[in-house]
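Here is a short tour of a protein model for you to follow on screen. Have the sequence and the 3D view at hand as you read.

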Amino acid sequence: MAKYEGSSCVRKIKNSVGDETYSMWRGMRIVKKKIQENKSNTLAQQQQQARLAAAYDQSGLFAPAVKVGTPRRPRVQTSVDAFMSMNTNKKVFTVGTEPDEEGKLEVTVNYPAIRCSKGRLRMPRNMAVTK
């Protein structure tokens with residue numbers, strides 16, 4: 001992985017060109033070289049991949065709440081990144097140990113354990129409860 005600035009046409013590249021992938025990470029432009037083959041796929045790695053995939057699927061649902069709940073997050077961190085950093089643990093996403101017929105591991109989401117805020121939040125000044 002390397003940072004790049006590049007010319008005006010290179011800055012607009014966002015996907016792969018040849019064996020290089022251009023993307024944004026924490027507000028920085030980076031380029032990564034594709035891995036030809038990766039045979040290391042232990043059960044622990046499969047569980048972590050399933051946990052991250054499930055967290056990313058849920059992040060879109062909770063992104064508006066996380067945006068309000070994390071006002072002091074770093075400027076380069078998106079609300080999806082903040083959700084992922086707070087919730088990709090074993091308490092929130094539990095992954096099974098045996099793959100199903102399709103070879104996928106079952107992921108269980110503990111919704112009460114999902115966090116959408118971090119740190120102190122200010123209380124609204126004008127708050128009223130209506131029916």
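## A loop and its charges

Glu106 sits in the loop that links strand 5 (93-95) to strand 6 (107-109). Please keep in mind that this is a predicted model. Is Glu106 buried or exposed? Its relative accessibility is 60%, and because exposed means over 50%, Glu106 counts as exposed. Glu106 also has company: together with Asp100, Glu101 and Glu102, Glu106 forms a patch of negative charge on the surface.

There is a patch of positive charge on the surface as well, and Arg72, Arg120, Arg122 and Arg125 are the residues that gather there. To find Arg72, look in the loop between helix 2 (43-69) and helix 3 (79-87). With a relative accessibility of 63%, Arg72 counts as exposed.

## The chain as a whole

Now step back to the whole fold. Three helices and six strands make up the elements of the protein chain. Read from the N terminus, their order is β-α-β-β-β-α-α-β-β. The protein chain has 131 residues, and 21% of them are buried.

## Inside the model

Which residues form the largest nonpolar core? There are ten: Ala54, Ala55, Val66, Ala82, Phe83, Met84, Met86, Val92, Phe93 and Ile114. Helix 2 and helix 3 are the elements that give two or more residues to this core. Helix 3 supplies the largest share, with four residues.

Ile114, one of the core residues, is placed in the segment after strand 6. Its relative accessibility is 12%, and since buried means under 20%, Ile114 counts as buried. Ile114 can also be paired with Phe62: the two are 52 residues apart in sequence, while their C-alpha atoms are 9.2 Å apart in space.

## Another loop

For a further stop, turn to Gly18, in the loop between strand 2 (16-17) and strand 3 (20-25). Gly18 has a relative accessible area of 67% and is therefore exposed. Between the C-alpha atoms of Gly18 and Lys34 the separation is 8.9 Å, and these residues are 16 residues apart along the chain.

The two residue pairs are set side by side here.

| Pair | Apart in sequence | C-alpha to C-alpha |
|---|---|---|
| Ile114 and Phe62 | 52 residues | 9.2 Å |
| Gly18 and Lys34 | 16 residues | 8.9 Å |

To retrace the tour, go from the negative patch with Glu106 to the positive patch with Arg72, and then to the nonpolar core that includes Ile114.

Conventions. Residues are numbered from 1 along each chain as its sequence is written. This is a predicted model: local features need pLDDT of at least 70, side-chain atom pairs count only at pLDDT 80 or more; totals for chains, interfaces and linings use all residues. Side-chain values use heavy atoms; hydrogens and water are left out. Patches are made of residues with over 30% relative accessible area and no salt bridge: like charges are joined within 9 Å, nonpolar side chains (Val, Leu, Ile, Met, Phe, Trp, Tyr) within 5 Å. Accessible areas come from the Shrake-Rupley method with a 1.4 Å probe; for residues, only the protein chains shown count as cover. A salt bridge is a side-chain nitrogen of Lys or Arg within 4 Å of a carboxyl oxygen of Asp or Glu. Lys and Arg count as positive and Asp and Glu as negative; His and the chain ends are not counted. The place of a charge is taken as NZ of Lys, CZ of Arg, CG of Asp or CD of Glu. Buried means under 20% relative accessible area, exposed over 50%, partly exposed in between (1.4 Å probe, protein chains only). A nonpolar core is a set of buried Ala, Val, Leu, Ile, Met, Phe, Trp, Tyr and Cys residues joined through side-chain atoms within 4.5 Å.
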